[in-house]
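I opened the model to go through its aromatic contacts, charged pairs and burial. My entries follow in the order I looked things up.

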Amino acid sequence: CMRVELDGATALIVVGDKKDGGAIERAVAFIVAVDPTTTGVPLTAVLPLAVDATLTGARCFFGGCPVPLASARVLGIAGPVVVARQRCDPPALGARTIPLGASRVATGVLVSRKGARPLVKAYVDVGMDGESVDALFGTGLDPTIALVAGAGKRLSPSDPDPAAPKVATLPWWDTLRMNVRGRVRLSAAPFAFDLAASPSPSICGATPRMRVTATALSVDTGPGKFMDASLDRVAVAALGPAPPPGPPAAVEVTKLAHLPTMTARVRIDWRLPGGRSPDDHHVWPVAGAAPGGVVAPVDVVGVYESEAMDVSLEVDAGALEVVGEGGEGGGGATPSLPSSPLPPTIWFGSPQITFWKLLADELKSPPPWLRLVPKRGTWFAPLDPRRPPSTSLPRLLRLMDMSVGMTSFVVEHGVPAAPGGSLVPAPAVGAACTLAIDAARYRGRMRLNVPAARDLPATASSIARKRESSRTDSVTLETAVLATGLALAAGGRRAAAGE
């Protein structure tokens with residue numbers, strides 16, 4: 001189940017007048033400004049809106065997890081939104097039988113065939129500002145999230161003709177690209193995110209997890225196209241149960257990284273069937289172009305479903321002379337940031353390696369009983385044998401272009417877990433080895449999900465053949481590492497640049 005709680009909410013929604021020609025013209029101009037590919041496309045059912053809402057004490061719970069999946073002390077949402085539909089010829093109709101009245105007499109009504117009517121799309125330029133925003137995720141929550149999403153699909157009406165072939169639907173990422181156009185800006189101060197390294201759906205207390213905290217987070221995104229993000233005073237740590245003889249509920253904090261400032265730029269290039277542009281989202285025939293003046297169901301999946309995607313990622317981190325306090329995480333201990341500036345630092349030792357391996361194994365190969373739940377369907381939404389084969393978003397990755405750079409940072413090896421719940425304590429004393437670097441950058445170009453199926457003997461089982469047919473590999477096309485100003489010190493003395 002999913003449960004949403006609010007301590008308070010206020011909202012002002014201004015609805016434009018559909019009969020005001022001037023308002024409609026301004027709304028269409030706004031649509032063209034946020035989505036230039038709509039220029040010249042005839043629209044109908046244009047409705048301009050303006051939203052200004054504030055939520056206090058917002059919490060969203062999933063399953064039996066006692067800690068909210070997402071929460072915010074204050075969350076504000078404001079900006080213009082225009083909903084509109086592409087103008088087309090009338091859709092093809094079908095008869096739907098609806099039982100009405102005490103005697104349940106069957107009454108037939110005509111409704112549009114599924115896929116024959118253009119979808120209503122939202123054109124947005126919205127800002128969301130949050131205070132004390134916390135979020136968490138773990139593979140143990142996958143079944144609950146999948147079942148809740150499946151239950152929501154029941155709100156979508158089925159095709160009135162049960163004998164008609166089942167109409168395939170777009171995956172969520174393509175649906176988002178098609179139906180939400182424009183820009184969304186997010187900000188949070190402070191911000192915390194927990195990623196569990198355990199299959200348990202209850203993520204709290206001493207559950208093994210990675211915690212990322214930042215004093216400020218800012219994101220500017222165009223759905224499905226780009227994302228620019230910046231974070232201040234980022235601290236990364238591993239949380240888990242303390243070893244004996246400590247109390248059973250004690251939490252041990254292992255430092256992983258401290259980044260005073262970090263920026264990230266993501267660019268996505270979607271590959272669509274027939275070389276179609278990912279911005280060409282108007283897939284229905286324009287008014288007057290449908291054969292016979294009636295729009296038949298359109299194979300939206302065949303023309304707009306992503307076949308692959310290329311991703312470009314650029315990350316930069318460096319020093320920032322800022323003093324502040326860290327945010328609270330998703331539950332359990334409440335670590336704090338230092339009160340004095342600290343250069344970008346990465347801790348690397350036995351505790352860190354152990355945790356990274358645990359987290360990677362959990363994310364790469366979760367238990368079968370977690371993976372099978374969304375694949376088996378439910379009593380209210382059984383899987384249709386006519387459904388097309390599904391895929392996952394990571395399977396679409398074909399080309400990854402990555403660039404990661406850091407300035408004036410240090411790598412410390414052999415630092416034990418931090419006592420007292422401090423994510424980033426004062427400069428470490430007693431480190432086995434310290435490496436100081438003035439600047440470093442990694443550039444890599446990789447081809448992912450390359451088919452790598454091998455020939456199997458004739459006696460191989462169908463399960464083995466199916467697993468082998470989906471086998472993929474990655475190929476490194478280019479790798480380059482450049483570092484300047486390296487200095488190495490041992491025995492607990494921090495190295496200085498140029499030493």
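I began with Trp 172 and asked whether this residue is buried or exposed. Its relative accessibility is 57%, over the 50% cut-off, so I noted Trp 172 as exposed. For Trp 173 I found a relative accessible area of 7%, which is under 20%, so Trp 173 goes down as buried. I keep in mind that this is a predicted model.

I then searched the whole structure for aromatic pairs and got two. Trp 172 and Trp 173 form an aromatic pair, with 5.5 Å centre to centre and 80° between the planes, an edge-to-face arrangement.

Next I looked at helix H3, residues 172-179. Which residues of the helix are buried? I listed Trp 173, Asp 174, Arg 177, Met 178 and Asn 179. The cover over these buried residues includes strand S7 (120-137), strand S8 (180-196), strand S12 (251-271) and helix H4 (300-304). I also checked Arg 177 for a ring contact and found that Arg 177 lies over the face of Trp 270, 4.8 Å from the ring centre.

I moved on to salt bridges. The count is 17. I looked up three of them.

The pair of Arg 59 and Glu 5 has its closest N and O atoms 3.0 Å apart. Arg 59 belongs to strand S3 (residues 43-62) and Glu 5 to strand S1, so I recorded a link between distant parts of the chain, 54 residues apart. I got a relative accessible area of 25% for Arg 59, which makes Arg 59 partly exposed. Glu 5 is also at 25% and counts as partly exposed.

The pair of Asp 279 and Arg 181 has a closest N to O distance of 3.2 Å. Here Asp 279 is in the loop between S12 and H4, while Arg 181 is in strand S8, and the two are 98 residues apart. Asp 279 is partly exposed at 24%, whereas Arg 181 is buried at 4%.

For Arg 211 and Asp 194 I read 3.1 Å between the closest N and O atoms. Arg 211 lies in strand S9 (residues 209-214) and Asp 194 in strand S8, so this salt bridge ties together parts that are 17 residues apart in sequence. Arg 211 has a relative accessible area of 0% and is buried. Asp 194, at 1%, counts as buried too. I then looked for salt bridges that share partners, and found Arg 3, Glu 5, Asp 7 and Arg 59 joined into one network.

I stayed with Arg 3 for one more check. Its charged end sits over the ring of Phe 61, 4.3 Å from the ring centre.

What makes up the nonpolar surface patch of about 280 Å²? I found Met 2, Val 4 and Leu 6. Leu 6 is in the loop between strand S1 (2-5) and strand S2 (8-15). Leu 6 has a relative accessible area of 43%, so I entered this residue as partly exposed.

I closed with totals. I counted eight helices and 17 strands in the protein. Of the 499 residues, 38% are buried. The accessible surface comes to about 26,300 Å², and carbon and sulfur atoms hold 62% of that surface. Among contacts with a separation of 6 or more, 79% are between residues 24 or more positions apart.

Technical notes:
Residues numbered from 1 in each chain as written. Predicted model: local features only at pLDDT ≥ 70, side-chain atom pairs only at ≥ 80, totals over all residues. Heavy atoms only, no water. Patch = residues over 30% accessible without salt bridge, like charges linked within 9 Å, V, L, I, M, F, W, Y side chains within 5 Å. Areas by Shrake-Rupley, 256 points an atom, 1.4 Å probe, with all protein chains shown as cover. Salt bridge = Lys/Arg side-chain N within 4 Å of Asp/Glu carboxyl O. Helix = DSSP H or I, 4+ residues; strand = E, 2+ residues; numbered from the N terminus. Buried < 20%, exposed > 50% of the residue type's maximum accessible area, 1.4 Å probe, protein only. Phe/Tyr/Trp six-rings, centres within 6.5 Å; stacked < 30°, edge-to-face > 60°. Lys NZ or Arg CZ within 6 Å of the ring centre and 35° of its normal. Contact = heavy atoms within 4.5 Å.
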